[in-house]
Amino acid sequence: MPPAKSAPRRRLRKDRRTKDATVSATRTSRKTSSTVEAYPVTHLPERSKPCVLPTRVDKSDILSLSKTSVEISGVFESALFPCNVFAIEPSAMVDILDGIAYSLSKNRKPTPNTPRQWVATKSSRLVSDGVVAEVPGLALVEAGAEASWGDVLCDVQMVPTADRMAEAIDRLATGATHVFDEQQDRLHHVGLAIAGDAFQVAYYDRAGCVLSGVHGIHENPDLFIRVIMGLTLVGKPYDGKDTSIVTRDGRRFVTIGGFDYEILETLSSSHGVCGSGTICWRCRRSGSDEDFFVKNTWAEKTLDHTEGDLLTRAMGVANIPKLVCEERVLRPDGQAWTTTSVRSLAAGPERWSIVSNLPQLELRRLVMRPCAVPLSYFSSKVELVSSLRDAVVAHEALYPKYGILHCDIKEDNIMLHGSLPRRRGLLVNFDRADCASESHPVVLERPKSSIPFTACDMLQVPRFEAHGVRHDLESFLYVIMFICTKYSGPSHSPRKEFDIRSSPLGPWFDGDVAHKEKVMFRYEDDEFRAFLDSIFDPYFDDLKDMGWEPSHSCFTVYLDEYLENHEDEREEAVANCATRPVSAKPPSTRGTKRQRSSPSSETTSDSYVPASPKTPTVSPRSSETSGSDGAATTTARGRRDRGVAGGKDADADAEKVETQPLRRSKRRKVA
């Protein structure tokens, strides 16, 4: 790339003899290139039109990445594309680029198996005035591949002037979100922002974004060439792809604990860049007919225990997974994949603030049994309620005996296992769980569960209470509310032309605790029923009459009452299941995206009978409570107004929780 006329060409080799030696070595390599395998040269297909990338712009994704962004100078020189991964140094490349071909005959390094090419793109991004517009860009893809988000290796966004660099970085955040959503083997992603004659590199992983410094293309051509060479000419794992997931004859395999597991289908995957990035697969071990539940997740490496430790401790509890194997995923150099390797390059006082204020994650894989399917594939409302109750009972058993609090109750963490007609609920994903006791309650610096499912107390700032059992029970209540809002029937049937973020539940995604608390604990009976009418799909109308009190004794009683009232439906389902087969699993997905079942394959509401739930021991206070001294009162719909909490650690004892409604701390009332 010739420099601008206004900028003098920088001499990268002051020693003339060194420069002559470099050119001489290159000429020599040309003569011997016929005997050494060189980088694949091919005529790349020309594209007459830009590739259109279907894009959904979510401002919350951009905001979450901007909050975690840190700038570290020299990040791509030291960590992403160090000199030792190139056959020739980028600075030397600038000298000999004009008229001299790049050769890999000397000091051969890993290269992509398939040539790559840059293609022009059009996609929707957030522009400077805050609106969403279709903008041009560039993307690096394998030669001949369709330019979809599942193929993008690097995203490039350009703006005309240097003062708009921040806008280009915001556009890259949208691209990074789509890359992580569509590519299950993506460990990190690199985006390139070009603003006028300046450029900046954005590195994305599960802890957020790391930005390089802003450099001039003409003032620092060797840095610019280093980035382009690193993206185009260097293969795994420097391109951010996971080398431990291999493809053989079109089938994907992953090795865990010394065994090869074939990935048969994707059961669930998380959205966005920041967080655990959990992906759950249905896998089968070579030489076995048993299906295993394999979890790929980025977990906190600073905890005293791992998810596998907790599962081993609670091995005797029903309706939670049984651990087969847990291990860290290692890089080719034998080190663990972590989010701290790049951020540890920061020097000076900023190093401590960067490392301490962001999650320190490492990639782990767990093999568990039994295999399960997402809760959204319930075959009937009876199965939905019964499986939810199974998860509540499992949660109840974990705390008194083992001191384990799940701390992340949400829709994705309750699944279905077994076969029809008697599938059961399974409480999964204990990577955010913690251990507690009456003397050592769980005190969280920030909510661990997903914001829409987080209990109101845990969203308060400042927070006056430790995380307790009743907060998880409140999250169970939100799970069933969200399912009744998102779906229009069984067998994973999302509501058509419906955006839950635009519904009355939308503020809950943003952590609007005032709105959430008003709806759940301030609305009168008729107001709350009107709220349910505004969000529930008509298929779930009969669930509106269920009691909506998430204290343990009341909540399980309401679930049991619903199951008893639908006993006839359960008996009819037994006969139906005996006369016709029903699919118990979602459609197979061998690619990176889970497919949705077609309407023709959906199961009707009378096709399933759940296992009969055990009758819980109910306190006399569970159905009706009256009196003074801050006691709660039961309303007509079964929801209780919050009374005075019995002390800071009132919910530390599981037996007390069974007879306590949701309550507000007296100290917060005063505050």
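Tutor: Helices (H or I, at least four residues) and strands (E, at least two) are DSSP runs, numbered from the N terminus. By that count, Gly-403 comes just after α10, and its phi is positive, about 65 degrees. This is a predicted model, where local features need pLDDT of at least 70 and side-chain atom pairs count only at pLDDT 80 or more, while totals for chains, interfaces and linings use all residues. Residues are numbered from 1 along each chain as its sequence is written, and side-chain values use heavy atoms, with hydrogens and water left out.

Student: What makes α10 largely enclosed by the rest of the structure?

Tutor: Count its buried residues, where buried means under 20% relative accessible area, exposed over 50% and partly exposed in between (1.4 Å probe, protein chains only). For α10, 17 of the 22 residues are buried, so the helix is largely enclosed.

Student: And how do you know whether the span of α10 is close to the one expected?

Tutor: The expected span is 1.5 Å times one less than the number of residues. With its 22 residues, α10 should reach 32 Å, and its first and last C-alpha atoms are indeed 32 Å apart. Try the same on α5 (residues 165-182): its 18 residues should span 26 Å, and the end C-alpha atoms are 26 Å apart, so the two agree. Helix α5 is also largely enclosed, because 14 of its 18 residues are buried.

Student: What does α10 pack on?

Tutor: Let's build up the sheet before the helix. Strands β17, β19 and β20, in that order, form an open antiparallel sheet; strands pair if DSSP finds at least two bridges between them.

Student: Why do β17 and β20 stand at the edges?

Tutor: Each has a single partner strand, so one side of β17 (372-374) and one side of β20 (424-427) are left without a neighbour in the sheet. Neighbouring strands here are turned by 45 degrees against each other on average, ignoring direction. As for the helix, α10 (residues 381-402) packs on this sheet by touching β19 and β20, and its direction makes about 45 degrees with that of β20. Touching is contact, meaning heavy atoms within 4.5 Å.

Student: How do you know that β19 and β20 pair?

Tutor: Four bridges join them in the antiparallel sense, which satisfies the two-bridge rule. Among the bridge partners, His-417 goes with Arg-424 and Ile-414 with Leu-427. Six residues sit between the strands of this hairpin, and Gly-418 takes a positive phi near 95 degrees.

Student: Why is Asp-472 called buried?

Tutor: Its relative accessibility is 1%, so it falls under the cut-off. Asp-472 is found in α12 (residues 469-486). A polar atom of its side chain lies 3.1 Å from the backbone nitrogen of Cys-407. Leaving aside neighbours within four places in sequence, the contacts of Asp-472 include His-395, Leu-405 and His-467.

Student: What makes α12 oblique to α15?

Tutor: Their axes come within 8 Å and cross at roughly 45 degrees. Under 35 degrees counts as roughly parallel, over 145 as roughly antiparallel, 65 to 115 as roughly perpendicular and the rest as oblique. So α12 is oblique to α15. Met-481, Cys-484 and Thr-485 of α12 make the contact with Phe-531, Leu-532 and Ile-535 of α15.

Student: Why is Asn-429 counted as buried?

Tutor: Its relative accessible area is 8%, so Asn-429 is buried. It has a positive phi of about 60 degrees although it is not a glycine, and it sits in the loop between β20 and β21 (434-435). Asn-319, with a positive phi of about 65 degrees, is not a glycine either. At 15% relative accessible area, Asn-319 is buried too.

Student: What makes β7 mostly covered?

Tutor: Eight of the eight residues of β7 (residues 198-205) are buried. Both faces are covered, with Ala-198 and Tyr-204 among the buried residues on one side and Phe-199 and Asp-205 among those on the other. Seven bridges join β7 to antiparallel β6 (residues 189-195), and Ile-194 stands opposite Phe-199. With β8 (residues 208-211), β7 has four antiparallel bridges, and a hairpin of two residues joins β7 to β8.

How values were computed:
Axes fitted to C-alpha atoms, helices over the stretch in contact; angles between N-to-C directions. Polar contact = N/O pair within 3.5 Å; in protein donor to acceptor, adjacent residues only side chain to side chain.
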